[in-house]
Amino acid sequence: MEKGENTMMKRNSATPLQTLPLGSTGLTVTKPAMGCLPIQRCTEEEAVRILQAAYEGGIRYFDTANAYTDSEKKIGLALADVREDIVISTKSQSLRKEGVLAHIENSLKMMKTDYIDLFQFHQIAEVPNFEDPDGAYAGALEAKARGWIRHIGFTSHRVNVAEQCIESGRFETCQFPFSYISDERDLALPGKCKKAGMGYIAMKGLAGGLLTNARACHAFMQQYDNVVPIWGIQTMEELEEWLAVAGENPAMDEELAGVIRKDRQELAGTFCRSCGYCMPCTVGIEIRNCARMNMLLRRSPWQQYMTDEWYAKMQKINECINCRACVSKCPYGLDQPSLLKYMLKDYNEFYASHKHLL
C-alpha cells in the first residue's frame, strides 16, 4: 500500500493529465482514462483503493458496463463523493426498450448517482432499429428524456457496423478496439468520428494483452488528438505504470517505432483479438484465450499457463465437434476450429518442453 500511496503523491505534484473534449458532447475527459472491467476481479476493498488512487492520480473518466458484474457497485463505493468531478460511461447489451431502462436504472443505483454522462449500446453486432418504439434505441431516448443519461454512444468489434453507426448520425461517441496492430480500416475510424463530430474511445489498446510496451502504446495513441484510450486496470502496479507513462508522455521516436514495427510483423495476419463474440462454445471451450495461446505463451510470463487448470482448458479443444458456430459469430472471419487445433498442438509441445522448468 505504501508504494501505491507514495506514487500517487508524486503524481499529484506532477503535470496534470492531458484532457480533451469527447467529440461534441461537451464532456471533457482525461487521456488516459480507466476501463473498469478488470476491477470486477478485485475484492471490494482493493477495487475501492485502486479507483480512489486513480482519481487522486488525475484520472477523471471511468468506463464500465452493466455486464461487468459488480464493477458499477465498486465505482459507487469509491467515487460517489467526487461524482461531480468525473465522467462515467456505462453500457447495456439489451435489445429492448424495457431492458435498457432497467439496466440504466440499476446502474444509477449501483453507482450512487442521478445521471450517467454517457450511455453506450454494448458490443452491438448490427445497427439498432432507430424506428422501433420498443427497441433499445427508444429506451436510450426515453432515459435521456428522464434525465437518467446525457449522451448516447455505442461500442462494437465489427468495423462495418461501426462505420454504419457513425454514418447514421444517431450517436455521439464510438468505442472500438484500437491499437498499433489494428488494420487500416480500423485506423480510419477516429478520422470518420472527427468529421462527424463524434468522440472516439479506444478499447483494447493492448490488443487483449498481446502488446506489452506501455510507452509504445501511449506514444501511438498520442498521434491521434481525438482518441481517448481506456486502459483496463486491476492492480495498483498497473495504475502506477499508466500514470507514470502519462507523466513522462513519451513521443514517438525511432526506438518506439521499432517496437511497433516488430510487433506488427509478429502479429500481422489472422489472430484472435479475444473479443468474445464467439462464445459460449457449444462444448465449453474457452475460445477467446485458447485461440491465441501461442502468443500468450511467448508474450507474457508463460508459467501461468502451465497449471493443471490451463492444461485441462487446452485439452478441452479435443472435444470440438466442428459445429462452426464460433466461425459464424467471429467479426474477424477466423476459422476458429482450425486455429484451436493448431494452438493445442503448439501448447502440448510447449508444455512438454517447459513443464520441468517450473
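This is a short tour of a predicted model, moving from the whole chain to single residues.

**Whole chain**

Start with the full protein chain in cartoon view. It contains 16 helices and 10 strands. Turn the C-alpha trace along its principal axes, and the spans are about 60 × 50 × 40 Å. The radius of gyration is 21 Å, which agrees with the value near 21 Å for a compact globule of 358 residues.

Next, show contacts. Among those with a separation of 6 or more, 75% join residues 24 or more positions apart.

**Surface and charge**

Switch on the surface. The protein chain exposes about 16,200 Å², and carbon and sulfur atoms supply 49% of that area. Colour by burial instead: 53% of the 358 residues count as buried.

Now select the charged side chains. There are 41 positive and 45 negative charges in the protein chain. Mark the mean position of each set; the two points are 4 Å apart.

**Aromatic rings**

Hide the surface and show the aromatic side chains. The structure holds 18 aromatic pairs. Select Phe119 and Phe121 to see one of them, an edge-to-face pair. Their ring centres are 5.3 Å apart, with 75° between the planes. Planes over 60 degrees apart count as edge-to-face, so the 75° angle of Phe119 and Phe121 puts the pair in that class. Both Phe119 and Phe121 are buried.

Widen the selection to Phe130, Tyr137, Phe154 and Phe171. Ring pairs link these four residues with Phe119 and Phe121 into a cluster.

Move on to Tyr347 and Tyr351. How do their planes sit? This aromatic pair is tilted, with 35° between the planes and 5.9 Å from centre to centre. Both tyrosines, Tyr347 and Tyr351, are buried. Trace the backbone between them: Tyr347 and Tyr351 belong to helix 16, residues 336-354. They are 4 residues apart there, so about one helical turn separates them.

**Ser107**

Finish with one residue. Select helix 4, residues 97-110, and find Ser107 within it. Is Ser107 buried or exposed? Ser107 is buried, because its relative accessible area is 1%, and the cut-off for buried is under 20%.

Which residues are in contact with Ser107, leaving aside neighbours within four places in sequence? Show Glu72, Thr90 and Ile116: each is in contact with Ser107.

Methods
Residues are numbered from 1 along each chain as its sequence is written. This is a predicted model: local features need pLDDT of at least 70, side-chain atom pairs count only at pLDDT 80 or more; totals for chains, interfaces and linings use all residues. Side-chain values use heavy atoms; hydrogens and water are left out. Helices (H or I, at least four residues) and strands (E, at least two) are DSSP runs, numbered from the N terminus. The radius of gyration is taken over C-alpha atoms; the globule rule is 2.2 Å times the number of residues to the power 0.38. Buried means under 20% relative accessible area, exposed over 50%, partly exposed in between (1.4 Å probe, protein chains only). Contact means heavy atoms within 4.5 Å. Accessible areas come from the Shrake-Rupley method with a 1.4 Å probe; for residues, only the protein chains shown count as cover. Lys and Arg count as positive and Asp and Glu as negative; His and the chain ends are not counted. The place of a charge is taken as NZ of Lys, CZ of Arg, CG of Asp or CD of Glu. Rings of Phe, Tyr and Trp (its six-membered ring) pair if their centres lie within 6.5 Å; planes under 30 degrees apart count as stacked, over 60 as edge-to-face and the rest as tilted.
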